[in-house]
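This dialogue is for a reader who wishes to learn how the features of a protein-ligand model may be read. The learner asks, and the teacher replies.

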Amino acid sequence: MPFSSFQPTLEYAKNLDEQDILASFRQEFYLKEDSIYMDGNSLGLLSKRAERTLLEVVNDWKNLGIDGWSSGKHPWFTLSENLGKKLAPLIGASAEEVIVTGSTTVNLHQLLSTFYHPKGTRTKILADELNFPSDIYAIQSQLRTHGYDPETHLIRVKSRDGRFLYTEDIIELMTEDIAIMILPTVLYRSGQILDMKTLTKEAHKRGILVGFDACHSIGAIPHLFNKWDIDFAYWCNYKHLNGGPGAVGGLYVNHKHLGTSPGLAGWFSSNKEKQFDMEHTLTPADTASAYQIGTPHLLSLAPLIGSLEIFHEAGIEKIREKSVAMTDYLIKLVNHYLLPFSFTMGSPENANERGGHLSLEHKEAARICKSLKEYSIIPDFRSPNIIRLAPVALYTSYEEIWNVVQTLKEIMQKEHYKQYKNEREIIA
Ligand SMILES: Cc1ncc(COP(=O)(O)O)c(C=O)c1O
Ligand SMILES: Nc1c(O)cccc1C(=O)C[C@H](N)C(=O)O
C-alpha cells in the first residue's frame, strides 16, 4: 500500500481515507449521521441499490400480479438461479453449483439430509466446540432423526484457548467413523479463518465429506470452493452481503455431487421445464437448484439483486484488501491507545488468518458495549467478554475507526461504562 508508516493521529486516518479507492461506495449506503456502524458482520446496512431493487420487485407485484413470475424486471421464477449465478464468483464456484434459497440453518438441514448417509461404522459428524449454536442444533437433530445419540455421534474439536481452532487438532479427529465434517469458514467470535484447503484435502484422504458454514466470510473474503474441492457450503446473505434482515440464504454443491437426490424435496427442487406438469414423481433439476424446497421468499431476495451489483463493481479482492488494511489499522490503534485499559485482542494477529471483524476482549465487555451505543457507536457483544467490531470495506471510513478507538479510550478513562450492568440485552 502506498501509505506512509502508521501514525496514531486523526490526520493519518484522513490521509488513509483520501487514498481509499473504495471510498466512493460509502455514499451508496444509508449511514446515520453522527453514528458509527461497526456491526456489519451481524447485519449489513441498507444500500440505495438494494432498496431500489426491492421496490422494483414490489412494483412488479403491484403492476403485474401473477405475471411477475415470468415477466417484469426480475422474473421471479428464475430469480434464485440468477442470483446464484451472480454470487458464484464470490465463492469460486460455477453458476450451476450455487442457489440463493432458504436460510443458513434450513440449508444445513437440506445438505445433511442430502449428504449424510451413515454406513457401517462411518456414522459420526465432526464439528467444533466454537461453532454457532444453530449449526450444532441442526446437526444434533439430524443425528437423532437417523437414530443416533448426539452425545456419542457429534464429535466436537476442542479449542486450546477458547478462541481458535488448530488445523492439526481437527485432522487428529478425522477418524474412520466420521461420515461428514461441518466447520465454519470464519469463526463467528474470534474471526479466525480456517484453512479450508488443507482441511478438505485431509478429510477427503480419509473418506470424509466436507461442508462449510460461510456466514462470516461471504462478501468479506474471496473463496475458491471449487478449486479446494469442498463438497458443499451454506451461508446467510444478511451480514457482509447486505441483503437485509432475514435475507434469503445460499448454498453451494460441488459439481461432482450435482444430480444427488435432494434429501428435503419440494416442487421448487424440480427441473423448471417440468415443474408445472404437476407430476407426483419429482424430476429434480440437475443443478444446485434441486436443493430448493418451496416458493422463494421474493421480497427477501430482491435487495440482493442491487447489493450484489455493488460487490461486482467493487471486486471481492479489493474489498478484502481494504478490509485487511482496516483491521490492521484498528489493531494498531488499539495497541497504541487501549492497552492500559486491559483489553485483549481475541482475533488472529496474522492478517491471512483473520476475517472481516475483530474481537476485542474485556471483562466489562457487556457494559462497554452499552456505553459505546450511548456514544452512537454500534458494536455487538458476544458473551461473556467479547466486543465485536467490523470495519466494513464498502462503508466504514478510517476516520470512523479512529473515532471508535478515541471513544473507547474516553469511556475507559471516565469509567462511563460503570453506570450500566455488565450483562447482555435480550438481543446482544
Ligand atoms: C455461523 C452462523 N451460522 C448460522 C447462523 C444462523 O443462521 P440463520 O438464522 O440464518 O439460519 C448464524 C447467524 O445467525 C451464524 O453466524
Ligand atoms: N441473525 C441474527 C438475528 O436474527 C438477530 C441478531 C443477530 C443475528 C446474527 O446473525 C448473529 C450472528 N450470526 C452472530 O455472528 O452472532
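The turns below treat confidence, domains, sheets, ligand shells and local backbone features.

Q: What kind of model is this, and what average pLDDT does the protein have?
A: One begins with the confidence scores. This is a predicted model, and the protein averages a pLDDT of 97, with 99% of the residues scoring at least 70. For the complex, the predictor gives an ipTM of 0.97 and a pTM of 0.97.

Q: Which elements have the lowest and the highest mean pLDDT?
A: Averages can also be taken element by element. Here strand S12 (residues 380-382) has the lowest mean, 95, and strand S7 (residues 232-235) has the highest, 99.

Q: Into which domains is the protein divided?
A: A domain need not be a single stretch of chain, and its bounds are read as residue ranges. Domain 1 comprises 10-30 + 316-419, whereas domain 2 comprises 51-312. Taken over C-alpha atoms, the centres of the two domains are separated by 30 Å.

Q: How many residues does each domain give to the contact, and which elements of domain 1 take part?
A: A contact is read from both sides. Domain 1 contributes 19 residues and domain 2 contributes 17 residues. On the side of domain 1, the elements that give two or more residues are helix H10 (316-337) and strand S10 (358-361). H10 gives the most to this side, with 4 residues. By class, the side of domain 1 that touches domain 2 has 6 nonpolar, 7 polar and 6 charged residues.

Q: In what order do the 7 strands of the open sheet lie, and which are the edge strands?
A: A sheet is read by strand order, then by the sense of pairing, then by its edges. The 7 strands are arranged as S2-S8-S7-S6-S5-S3-S4 in an open sheet with mixed pairing. Strand S2 (98-100) and strand S4 (154-157) are the edge strands, each pairing on one side only. On average, neighbouring strands of this sheet are turned by 20° against each other, direction ignored.

Q: In what sense do S6 and S7 pair, and which helix lies across S6?
A: Pairing is read strand by strand, and packing by the helix axis. Strand S6 (residues 209-213) pairs with S7 in the parallel sense over 3 bridges. Phenylalanine 212 stands opposite alanine 233 in S7. Helix H5 lies across strand S3 (124-128), S4, strand S5 (178-184) and S6, and runs at about 170° to S3.

Q: How is the sheet of 4 strands arranged?
A: The same reading applies to the second sheet. Its order is S9-S10-S13-S12, open, with antiparallel pairing. The edge strands are strand S9 (344-345) and S12. S10 and strand S13 (residues 386-389) pair in the antiparallel sense over 4 bridges, and leucine 358 has leucine 389 in S13 as its bridge partner. Helix H11 (residues 365-374) lies across S10, S12 and S13, running at about 40° to S13.

Q: How many residues surround ligand 1, and which are the closest?
A: A ligand shell is read by its members, their elements and their classes. Ligand 1 is surrounded by 13 residues, the closest being Ser103, Thr104, Thr105, Phe132 and Cys215. Helix H4 (104-115) and helix H5 (133-145) are the elements that give two or more residues to this shell. By class, the shell has 5 nonpolar, 6 polar and 2 charged residues.

Q: Which residues are found around ligand 2?
A: The second shell is read in a similar manner. Ser42, Phe132, Tyr188 and Ile427 are the residues around ligand 2. This shell has 3 nonpolar, 1 polar and no charged residues. Phe132 is also listed among the closest residues around ligand 1.

Q: Where is a cis peptide bond found, and which residue has a positive phi although it is not a glycine?
A: Such features are read from the backbone torsions. A cis peptide bond, with omega about 0°, joins serine 383 and proline 384; proline 384 is found in the loop between S12 and S13. Methionine 278 has a positive phi of about 60° and lies in the loop between strand S8 (250-253) and helix H9 (298-314).

Definitions and conventions
Residues are numbered from 1 along each chain as its sequence is written. Chains are lettered from A and ligands numbered from 1 in the order in which they are written. This is a predicted model: local features need pLDDT of at least 70, side-chain atom pairs count only at pLDDT 80 or more; totals for chains, interfaces and linings use all residues. A residue is near a molecule or strand if its C-beta atom, placed from the backbone, lies within 6 Å of it. Ala, Val, Leu, Ile, Met, Phe, Trp, Tyr, Cys and Pro count as nonpolar, Asp, Glu, Lys and Arg as charged, and the others, Gly among them, as polar. pLDDT is the predictor's confidence in each residue, from 0 to 100. Two strands pair if DSSP finds at least two bridges between them. Axes are lines fitted to C-alpha atoms, for helices over the stretch in contact, and angles run from 0 to 180 degrees between N-to-C directions. Two residues are in contact if their C-beta atoms, placed from the backbone, lie within 7 Å. Domain bounds come from an automatic or database domain assignment.
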